[in-house]
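Biologist: Hello! I am new to reading protein models. Could you walk me through one, feature by feature?

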Amino acid sequence: MSDLESAVAALRRFNRFHTRLVGALSGSLHGSGFTLTEARVLYELARRDGWLAGDLAKALGLDPAYLSRILKRFAAAGWLQRERSASDGRALSLHLSAAGRAVFHPLDAASQAEAAGRLRTLDAEQRGRLVAALTEAETLLSGTASAPAAAPVIRPHRPGDIGWVIAAHGRIYAEDYGWDIEFEAFVAEIAAGFLREFRPGLEQGLIAERDGQILGSAFVMRESDETAKLRMVIVDRPGRGLGLGKALVREAVRFARMAGYRRMQLWTNDILHAARAIYIAEGFRLIAEEKHHSFGQDLVGQNWELVL
């Protein structure tokens with residue numbers, strides 16, 4: 001099977017899945033009595049007042065005669081009003097009546113609730129991946145140029161972020177280095193201590209995100225009055241190549257200086273080459289190392305320090 005034939009099969013398979021998912025085969029969307037096409041026409045009429053029938057048919061890719069039958073049904077039910085168009089005296093503009101909007105609102109709410117219910121089965125990272133994939137699919141299949149991606153931002157941690165931090169560490173280190181579940185438990189203990197003993201002004205969680213999708217993290221934690229620790233530094237795959245690791249570490253160092261610490265320390269392992277390169281570039285120096293067996297692996301742990 002050629003690449004094109006495989007792509008055709010995949011697209012058709014997804015189309016079949018999606019029509020089942022949204023209930024397009026049942027003939028009654030959410031039990032409303034509307035077909036999927038009728039519901040889409042109703043949505044467009046509610047979203048934009050004053051459609052011309054010809055323009056609406058083109059926008060939805062519908063046969064004008066088929067659309068005309070739908071509009072006649074809406075008008076007969078009292079949901080649709082027609083007025084002479086101000087821009088084209090030969091055409092009629094379309095407007096939902098108050099009764100039409102009363103019919104639309106519960107249908108729209110049902111669609112919203114169904115989508116939200118499906119998305120609640122996914123965690124934040126999975127929802128971010130889904131949104132990115134759907135956006136990419138829409139861009140590729142529509143033939144439109146992709147809009148420039150928004151620049152990532154680094155912000156203070158918020159409630160709910162720690163769950164992502166723990167999960168990302170467990171997943172990424174298992175996939176990239178084969179570390180076992182012991183490491184995820186190790187990170188969870190650090191994260192729980194951070195939340196439980198959080199000292200505003202002396203400690204800070206830094207979260208890198210773009211368009212609402214978390215891409216990475218770094219945490220400044222108090223060790224003593226003079227020493228801060230840099231912990232839970234990670235960048236997920238969608239954020240790699242953007243300089244986020246360096247930006248997160250640099251922001252953590254800046255925070256530690258402003259908080260009045262005299263030094264910053266961190267613990268890592270020698271196989272984390274990309275992270276070590278960032279620490280070296282920021283001025284950290286290796287002060288000790290020791291072999292250990294942890295997380296299902298034989299490792300060499302390293303302690304690094306930066307004089308602030």
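Modeller: Gladly! Let us begin with surface: accessible area is computed with the Shrake-Rupley method, using a 1.4 Å probe. In this predicted model, the chain exposes about 17,800 Å², and carbon and sulfur atoms supply 54% of that area.

Biologist: Which helices and strands should I look for, and how many are there?

Modeller: You will find ten helices and ten strands in the chain. The radius of gyration is 28 Å, well over the 19 Å that the globule rule gives for 308 residues, so the chain is more spread out than a compact globule. Along its principal axes, the C-alpha trace spans about 80 × 50 × 35 Å.

Biologist: And what share of the residues counts as buried?

Modeller: A residue is called buried when its relative accessible area is under 20%. Here 33% of the 308 residues meet that description.

Biologist: Where could I see a buried residue in a helix?

Modeller: Try Glu44, which sits in helix α2, residues 36-47. Its relative accessibility is 4%, so Glu44 counts as buried. The side chain of Glu44 makes a polar contact with the side chain of Arg40, at 3.0 Å. Leaving aside residues up to four places away in sequence, Glu44 touches Trp51, Leu56 and Leu60.

Biologist: Is His95 buried or exposed?

Modeller: His95 is buried, because its relative accessible area is 14% and the cut-off is under 20%. This residue belongs to strand β3, residues 92-96. Its side chain makes a polar contact with the side chain of Ser93, at 2.9 Å. Beyond residues up to four places away in sequence, the residues His95 touches include Asp49, Trp79 and Glu83.

Biologist: What about a residue in a loop?

Modeller: Look at Asp270, in the loop between β8 (263-269) and α10 (273-281). With 24% relative accessibility, Asp270 counts as partly exposed. Again leaving out residues up to four places away in sequence, Asp270 touches Arg276, Val300 and Gln302.

Biologist: How far is Asp270 from Glu114?

Modeller: Their C-alpha atoms are separated by 48 Å, and the two residues are 156 residues apart along the chain.

Biologist: What can I learn from contacts across the whole chain?

Modeller: Take the contacts between residues at least 6 apart in sequence: 60% of them join residues at least 24 apart.

Biologist: Last one: how many positive and negative side chains are there?

Modeller: The chain has 39 positive and 37 negative side chains. The centres of these two sets lie 6 Å apart.

Methods
Residues numbered from 1 in each chain as written. Predicted model: local features only at pLDDT ≥ 70, side-chain atom pairs only at ≥ 80, totals over all residues. Heavy atoms only, no water. Helix = DSSP H or I, 4+ residues; strand = E, 2+ residues; numbered from the N terminus. Rg over C-alpha atoms; globule rule 2.2 N^0.38 Å. Buried < 20%, exposed > 50% of the residue type's maximum accessible area, 1.4 Å probe, protein only. Contact = heavy atoms within 4.5 Å. Lys, Arg positive; Asp, Glu negative; His and termini not counted. Charge placed at Lys NZ, Arg CZ, Asp CG, Glu CD. Polar contact = N/O pair within 3.5 Å; in protein donor to acceptor, adjacent residues only side chain to side chain.
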